Amino acid sequence: MPHTPSRHLAEGPRVGIRYFTYEDGAEFTARARESKDLHQPWLFPPDSAQAYEAYAGRLIEDRTKAGFLVCEKDPDVTSGGARGSSIAGFVNINNIVEGGFLSGALGYGAFAHAAGRGLMREGLDLVVRYAFGPMRLHRLEINVQPGNAASIALARACGFHLEGFSPRMLYIDGAWRDHQRWAITAESVTSG
């Protein structure tokens with residue numbers, strides 16, 4: 001069987017990461033609809049074709065954003081191939097600032113079929129290494145509502161450190177919500 005080049009930017013044992021495309025809309029929105037109970041009240045990913053197109057468009061076209069799909073690799077496909085992979089979740093880097101700051105703010109979510117299996121940890125680790133490698137960022141921040149135990153556990157497991165608390169920081173689901181600020185720098189990844 002000929003070797004199929006990977007569409008992934010980086011790969012781990014079970015997942016690969018790649019950029020969002022418009023063609024991912026049908027699978028992404030179906031996964032978002034299946035995952036509403038898991039996501040809400042923390043997260044509201046697009047669940048219609050029109051909403052996905054606008055969301056993906058911002059991630060694809062805006063230089064201050066980068067969107068990554070975490071794709072579970074099909075064990076029946078050779079490690080070099082991306083065929084057969086399914087979207088397990090997503091990690092977005094928003095508010096990318098260049099110059100002396102070189103930072104971005106992460107947002108992420110797992111889909112229900114992949115939750116609790118360690119796939120997002122592997123995917124988030126890949127995105128962090130990609131951000132500090134080819135993207136040449138220095139610092140990443142995650143803002144998490146204090147009651148979102150799963151998201152806090154993922155941030156902690158991937159080496160992020162609690163930096164502080166911001167009352168009424170982000171407007172989510174009709175109200176200003178408190179957030180914890182978690183961060184990591186390139187030095188802590190390369191030295192750890």
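**Exercise 1. Classify Glu163 and its partner**

In this predicted model, work out whether Glu163 is buried, partly exposed or exposed, and find which side chain meets that of Glu163 in a salt bridge.

*Solution.* Start with the accessibility. Glu163 has a relative accessible area of 45%. Buried means under 20% and exposed means over 50%, so Glu163 counts as partly exposed. Next, look for the partner: the side chain of Glu163 meets that of Arg139 in a salt bridge, at 2.2 Å from N to O. Now place the two residues. Glu163 belongs to strand β7 and Arg139 to strand β6, so this pair ties together parts 24 residues apart in sequence. Finally, check the partner's environment: with 16% relative accessibility, Arg139 counts as buried.

**Exercise 2. Two salt bridges that involve loops**

The whole structure holds 11 salt bridges. Take the one between Arg14 and Glu122 and the one between Glu98 and Arg63, and say which parts of the chain each pair ties together.

*Solution.* Begin with Arg14 and Glu122, whose side chains meet at 3.6 Å, N to O. Arg14 sits in the loop between β1 (10-11) and β2 (15-19), while Glu122 sits in helix α4, so the pair ties together parts 108 residues apart in sequence. Compare the two environments: Arg14 is partly exposed at 35% relative accessibility, and Glu122 is buried at 14%.

Move on to Glu98 and Arg63, where the closest N and O atoms are 3.3 Å apart. Here Glu98 comes from the loop between β4 and β5 and Arg63 from the loop between α3 and β3, so the pair ties together parts 35 residues apart in sequence. Arg63 itself counts as exposed, at 65% relative accessibility.

As a last step, look for a network: Glu27, Arg31 and Glu34 are linked by salt bridges in one.

**Exercise 3. Describe the largest pocket**

How many residues line the largest pocket, and which lie nearest its centre?

*Solution.* First take the volume, which is about 1,200 Å³. Then count the lining: there are 41 residues, with Trp42, Leu43, Gly107, Tyr108 and Gly109 nearest the centre. Sort them by class to get 23 nonpolar, 13 polar and five charged residues. Last, trace them to their elements. Those that supply at least two residues each include α2 (36-39), α4 (119-132) and α5 (149-157), and β5 gives the largest share, six residues.

**Exercise 4. Describe the second largest pocket**

Which residues are closest to the centre of the second largest pocket, which has about 270 Å³ of space?

*Solution.* The lining has 16 residues, and Arg63, Lys65, Ala66, Ile96 and Met135 are the closest to the centre. Arg63 is also the salt-bridge partner of Glu98. By class, the lining divides into 10 nonpolar, one polar and five charged residues. By element, α3 and β3 (66-72) each supply at least two residues.

**Exercise 5. Follow the β7 and β8 hairpin**

In what sense do β7 and β8 pair, and over how many bridges?

*Solution.* The pairing of β7 with strand β8 (residues 175-185) is antiparallel and runs over eight bridges. For one example, Leu170 has Arg177 in β8 as its bridge partner. Then inspect the turn: the hairpin has two residues between its strands, and Asp173 there has a positive phi of about 55°.

**Exercise 6. Locate Ala51**

Where does Ala51 lie, and how many Å separate its C-alpha atom from that of His161?

*Solution.* Ala51 is part of helix α3 (residues 49-61). At 33% relative accessibility, Ala51 is partly exposed. Its C-alpha atom is 33 Å from that of His161, a residue 110 positions away along the chain.

Notes
Residues are numbered from 1 along each chain as its sequence is written. This is a predicted model: local features need pLDDT of at least 70, side-chain atom pairs count only at pLDDT 80 or more; totals for chains, interfaces and linings use all residues. Side-chain values use heavy atoms; hydrogens and water are left out. Helices (H or I, at least four residues) and strands (E, at least two) are DSSP runs, numbered from the N terminus. Buried means under 20% relative accessible area, exposed over 50%, partly exposed in between (1.4 Å probe, protein chains only). On a 1 Å grid over the protein atoms alone, a cavity is a set of points where a 1.4 Å probe fits but cannot get out, and a pocket is an open set with protein on both sides within 12 Å along at least five of seven lines; lining residues have an atom within 4 Å of a point. Grid points are joined across faces, edges and corners, and a volume is the space filled by probe spheres set on the points. Ala, Val, Leu, Ile, Met, Phe, Trp, Tyr, Cys and Pro count as nonpolar, Asp, Glu, Lys and Arg as charged, and the others, Gly among them, as polar. Two strands pair if DSSP finds at least two bridges between them. A salt bridge is a side-chain nitrogen of Lys or Arg within 4 Å of a carboxyl oxygen of Asp or Glu.
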